[in-house]
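Student: Hello! I am new to this structure and would like to work through it with you, one question at a time.
Tutor: Gladly, let us open it up and begin.

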Amino acid sequence: MVAIARPVFYFDLGSPYAYLAAERVNGLFAEKGLEAPEWQPVLLGGLFKRFGRGSWAETPQRAAGLTEVERRASAYGMPPIRWPDPFPGNTLAAMRAATYAKQTGRTVAFALAAFRQAFAAGHDLGDTENVLIAAAACELHPKAVLKAIGTAGVKDTLREETDAAADLGVRGVPSLVVGEKIFWGDDRLEEAVPAVAI
């Protein structure tokens, strides 16, 4: 069995499907005795722009999509979905905070706290206070987060990582990149895990 490069889990905090995947992905890897993937924040809006796409939540399929997310959350044994208002919202500052969290080694803890703020508690991540609550939950100082999300370094890193993901062929989130394969969608996690060791 030949090990391949560590898989990468791409996410955006505004995506409910990424939330469903985020709550499960590390556990699925652990069940197989595998190292958890690297978590990489990217801007879904940037991917939309690159590939000429848009959000299902702004189409006639919105109601069906909301129902499907709620159904999957229930099937996975997760808390009922509470939709933030507005949805979709502006999560740019939250994604910059996620980029800063990655730089401090707290990507997973911050992302899960922020996802739960949005989709378990129904809080708008467009409100910086809700982002800071998530940051505090993983011991990121609010003042440090506020300063970081305004820096060129964090802004540039998020943009560059989004571009790099798009260059690989990542068209949306959640996506798990395993070697040269891209598994796009919450419903493809179980398919992706066995591909980690070939």
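Student: By class, how many nonpolar, polar and charged residues does the lining of the largest cavity have?
Tutor: Keep in mind that this is a predicted model. The residues that line the largest cavity include L13, F87, L125 and A118, along with G14, T91 and D124. Glycine counts as polar in this scheme. Sorted by class, the lining of the largest cavity has 8 nonpolar, 3 polar and 1 charged residues.

Student: How much space lies in the largest cavity?
Tutor: Rolling a probe the size of a water molecule over the atoms shows where empty space is left. Here the structure holds 1 cavity of 30 Å³ or more. The space in the largest cavity is about 70 Å³.

Student: And the largest pocket, which helix gives the most to its lining?
Tutor: About 550 Å³ of space lies in the largest pocket. It is lined by 28 residues, and S15, L44, F48, S55 and W56 are those nearest its centre. Both α1 (16-22) and α3 (44-51) supply at least two residues of this lining. The most comes from one helix, which gives 3 residues: α3.

Student: What classes of residue make up the lining of the largest pocket?
Tutor: Among the residues nearest the pocket centre are L44, F48 and W56, and also S15 and S55. Leu, Phe and Trp count as nonpolar. Over the whole lining of the largest pocket, the classes are 12 nonpolar, 10 polar and 6 charged residues.

Student: Now the helices. Is α6 parallel, perpendicular or oblique to α7?
Tutor: Two packed helices are described by the angle between their axes and the distance between the axes. Helix α6 (residues 107-119) packs on helix α7 (residues 128-137) at an angle of about 140°, and their axes are 8 Å apart. Angles over 145 degrees would count as roughly antiparallel. With about 140° between them, α6 is therefore, relative to α7, oblique.

Student: Is the crossing of α6 and α7 left-handed or right-handed, and which classes of residue make the contact?
Tutor: The crossing of α6 and α7 is right-handed. From α6 the contact uses F110, A113, A114 and Q117, while α7 brings N130, V131, I133, A134, A135 and A137. By class, this contact of α6 with α7 has 8 nonpolar, 2 polar and no charged residues.

Student: How is α5 placed relative to α9, parallel or perpendicular?
Tutor: The axes of helix α5 (residues 92-103) and helix α9 (residues 152-168) come within 9 Å and cross at roughly 95°. Angles from 65 to 115 degrees fall in one category. So α5 is, with respect to α9, roughly perpendicular.

Student: Which residues of α9 does α5 meet?
Tutor: By class, the contact of α5 with α9 has 5 nonpolar, 3 polar and 2 charged residues. On the α5 side are L92, M95, R96, T99, Y100 and Q103. On the α9 side they meet V154, K155, T157 and L158.

Student: Which residue does a cis peptide bond join to D85, and where is its place?
Tutor: Most residues other than glycine have a negative phi, and most peptide bonds are trans. The bond from D85 is cis, with omega about 5°. The residue it is joined to sits in the loop between α4 (62-75) and α5, and that residue is P86.

Student: What is the phi of E139?
Tutor: E139 is found in the loop between α7 and α8 (142-148). Its phi is positive, in a residue other than glycine, with a value near 65°.

Key:
Residues are numbered from 1 along each chain as its sequence is written. This is a predicted model: local features need pLDDT of at least 70, side-chain atom pairs count only at pLDDT 80 or more; totals for chains, interfaces and linings use all residues. Side-chain values use heavy atoms; hydrogens and water are left out. On a 1 Å grid over the protein atoms alone, a cavity is a set of points where a 1.4 Å probe fits but cannot get out, and a pocket is an open set with protein on both sides within 12 Å along at least five of seven lines; lining residues have an atom within 4 Å of a point. Grid points are joined across faces, edges and corners, and a volume is the space filled by probe spheres set on the points. Axes are lines fitted to C-alpha atoms, for helices over the stretch in contact, and angles run from 0 to 180 degrees between N-to-C directions. Helices (H or I, at least four residues) and strands (E, at least two) are DSSP runs, numbered from the N terminus. Angles under 35 degrees count as roughly parallel, over 145 as roughly antiparallel, 65 to 115 as roughly perpendicular and the rest as oblique. A crossing is left-handed if the near helix is turned anticlockwise from the far one by less than a right angle, and right-handed if clockwise. Contact means heavy atoms within 4.5 Å.
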